[in-house]
There are 2 protein chains.
Amino acid sequence: MRYLVRVEIRLKKDLHDPEGTVALSCLRDLGLREIVSVRSGKVYYLEIETGSEDEALKIAEEACRRLLANPVKDEYSISVVSRI
Amino acid sequence: MRYLVRVEIRLKKDLHDPEGTVALSCLRDLGLREIVSVRSGKVYYLEIETGSEDEALKIAEEACRRLLANPVKDEYSISVVSRI
């Protein structure tokens with residue numbers, strides 16, 4: 001079976017996010033002054049060929065741990081979007 | 001009222017995603033051969049100070065259109081995460 005798994009990687013909450021800060025500044029310069037904070041992150045959609053949803057989550061977790069996320073600065077969340 | 005709005009920006013489906021391709025190659029080199037496809041994207045969490053959820057969505061839409069997304073190559077989705 002093939003699963004579509006969504007991985008989201010964000011900077012840990014207490015870390016400064018320069019990309020978010022720049023985006024906020026630009027948006028406010030554009031007149032969007034209702035926006036008071038921006039935090040940025042990465043998203044990955046993985047297609048995983050495996051026997052079960054649990055197994056797909058485990059593989060995505062390993063992908064985060066070994067490559068996609070930096071444990072020093074990142075936090076991440078993983079969810080199965082659908083079976084495809 | 002303040003709303004937390006999530007914006008996700010992805011390359012249009014028919015466009016080649018070099019970052020996803022590199023990630024896929026690295027993950028497979030690490031032995032994660034169950035992963036057969038990777039697509040990458042960006043995520044932004046906006047805090048928006050406004051009167052209603054609908055208004056917050058409209059402001060986030062304008063932020064995408066005017067800064068965060070590139071209409072030539074990107075597609076995006078917007079959702080209100082919570083009132084904060």
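These questions and answers concern how chain A and chain B fit together in a predicted model.

Reader: What makes the relation between chain A and chain B that of a two-fold axis?

Author: Two copies of a chain are related by a rotation about an axis and a shift along it. Here the rotation that superposes chain A on chain B is 180°, the shift along its axis is 0.0 Å, and the RMSD is 0.0 Å. That is the relation of a two-fold axis.

Reader: Which C-alpha of chain A is nearest the axis?

Author: That of K42(A), which lies 2.3 Å from the axis.

Reader: How do you know that the copies meet through the same surface?

Author: Of the interface residues of chain A, 100% are also interface residues in chain B, so the two copies use the same surface. In numbers, 32 residues of chain A are in contact with 32 residues of chain B. Between them the chains bury about 3,000 Å², and 62% of that is on carbon and sulfur atoms.

Reader: Why are α1(A) and α2(B) called roughly perpendicular?

Author: Two packed helices are described by the angle between their axes and the distance between the axes. Helix α1 of chain A (residues 18-29) and helix α2 of chain B (residues 53-68) have axes that cross at roughly 100° and come within 11 Å. Angles of 65 to 115 degrees count as roughly perpendicular, and therefore α1(A) and α2(B) are given that name.

Reader: Which residues make that contact, and how do they divide into nonpolar, polar and charged?

Author: α1(A) contributes A23(A), C26(A) and L27(A), while α2(B) contributes A63(B), L67(B) and L68(B). By class they are six nonpolar, no polar and no charged.

Reader: At what angle do α2 of chain A and α1 of chain B pack?

Author: The angle is about 100°, with the axes 11 Å apart. That makes α2(A) roughly perpendicular to α1(B). In this contact A63(A), L67(A) and L68(A) of α2(A) meet A23(B), C26(B) and L27(B) of α1(B). The classes are six nonpolar, no polar and no charged residues.

Reader: What makes the pair K42(B) and E19(A) a salt bridge?

Author: The closest N and O atoms of K42(B) and E19(A) are 3.0 Å apart. A salt bridge needs a side-chain nitrogen of Lys or Arg within 4 Å of a carboxyl oxygen of Asp or Glu, so the pair qualifies.

Reader: How many salt bridges are there between chain A and chain B?

Author: The count is four.

Definitions and conventions. Residues numbered from 1 in each chain as written. Chains lettered and ligands numbered in written order. Predicted model: local features only at pLDDT ≥ 70, side-chain atom pairs only at ≥ 80, totals over all residues. Heavy atoms only, no water. Least-squares fit on C-alpha atoms with pLDDT ≥ 70 in both. Contact = heavy atoms within 4.5 Å. Axes fitted to C-alpha atoms, helices over the stretch in contact; angles between N-to-C directions. Helix = DSSP H or I, 4+ residues; strand = E, 2+ residues; numbered from the N terminus. Parallel < 35°, antiparallel > 145°, perpendicular 65-115°, else oblique. Nonpolar A, V, L, I, M, F, W, Y, C, P; charged D, E, K, R; others polar. Buried area = accessible area lost by both parts, 1.4 Å probe.
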